[in-house]
Amino acid sequence: MKLRLISSALLLCIASTVAYAHGDDEGAAIGKPGNAKTVTRTVSVDMSDTMRFNPSQLTVRSGETIRFVAKNVGKIRHEMMLGTEAGLNDHAALMRKFPEMEHADANAVTVEPGKSAQMIWQFTKAGVVDFACLEPGHYEAGMTGKIAVREGGASNEMAAR
């Protein structure tokens, strides 16, 4: 049991590295943890047992700091993790091997049924940031989304609730 705990802790460290530094540009590509004092708006994202996020597509401005309120409206655990598509693919493979792994990263929240959790993130450059639920089987079932980060463009106010 002790060996399993130590192994899990080591894998969590590796997973954190994958989430923030997959390749050389993972962290820079998706932004950085935000400061609650600089939040520009709050976006609610529902996670359901149909393996979908609602909304699954968002638009933000480069430099904007968003408070995500991830609400689990289902009966099983879900999570919301920000990353690049490649980083999320790698992390999903790791989660399949070690399904008991839990996240303690600024770019992810794990939410039990009927609960909600907050994540504050600053989008630092234009591009696309992906998000997904990496609970085993959820990613493969299509529980993914995309955030278009526009340089000085309009944000999607309809997605904000």
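**Exercise 1. In this predicted model, determine the strand order of the open five-stranded sheet and identify which strands lie at its edges.**

Solution. Reading across the open sheet, the five strands follow the order 1-8-5-2-3, and their pairing is mixed. The next step is to look for strands that pair on one side only, and these are strand 1 (32-33) and strand 3 (52-54), which are therefore the edge strands. Turning to the edge formed by strand 3, one finds that strand 2 (residues 41-48) runs antiparallel to strand 3 and is joined to it by three bridges. Within this pairing, Asp 46 has Asn 54 of strand 3 as its bridge partner.

**Exercise 2. Find how many aromatic pairs the whole structure contains, and work out which parts of the chain they link.**

Solution. A search of the whole structure gives two aromatic pairs. In one of them, the ring centres of Phe 53 and Phe 131 are 4.9 Å apart and the planes meet at 70°, so this pair is edge-to-face. Phe 53 belongs to strand 3 and Phe 131 to strand 9 (residues 127-132), so that the pair links distant parts of the chain, 78 residues apart. Both of these residues, Phe 53 and Phe 131, are buried.

The other pair consists of Phe 68 and Phe 123, with 6.2 Å from centre to centre and 80° between the planes, and it is likewise edge-to-face. Since Phe 68 lies in strand 5 (residues 65-72) and Phe 123 in the loop between strand 8 (116-122) and strand 9, the pair ties together parts that are 55 residues apart in sequence. Phe 68 and Phe 123 are both buried.

**Exercise 3. Establish where Glu 79 is placed, and which polar partners its side chain has.**

Solution. Glu 79 is found in strand 6 (residues 78-83). Although Glu 79 is buried, it has no salt bridge, for the nearest side chain of opposite charge, that of Arg 77, is 6.6 Å away, whereas a salt bridge requires the charged atoms to be within 4 Å. The side chain of Glu 79 does, however, make a polar contact of 3.4 Å with the side chain of Thr 110, and a polar atom of the Glu 79 side chain lies 3.1 Å from the backbone nitrogen of Leu 134.

**Exercise 4. Describe the chain as a whole, from its element pattern to the sequence range of its contacts.**

Solution. The chain has three helices and 10 strands, which follow one another along the sequence as α-α-β-β-β-β-β-β-α-β-β-β-β. Of its 161 residues, 43% are buried. Finally, among contacts between residues at least 6 apart in sequence, 80% join residues at least 24 apart.

Notes. Residues numbered from 1 in each chain as written. Heavy atoms only, no water. Pairing = 2+ DSSP bridges. Helix = DSSP H or I, 4+ residues; strand = E, 2+ residues; numbered from the N terminus. Phe/Tyr/Trp six-rings, centres within 6.5 Å; stacked < 30°, edge-to-face > 60°. Buried < 20%, exposed > 50% of the residue type's maximum accessible area, 1.4 Å probe, protein only. Lys, Arg positive; Asp, Glu negative; His and termini not counted. Polar contact = N/O pair within 3.5 Å; in protein donor to acceptor, adjacent residues only side chain to side chain. Contact = heavy atoms within 4.5 Å.
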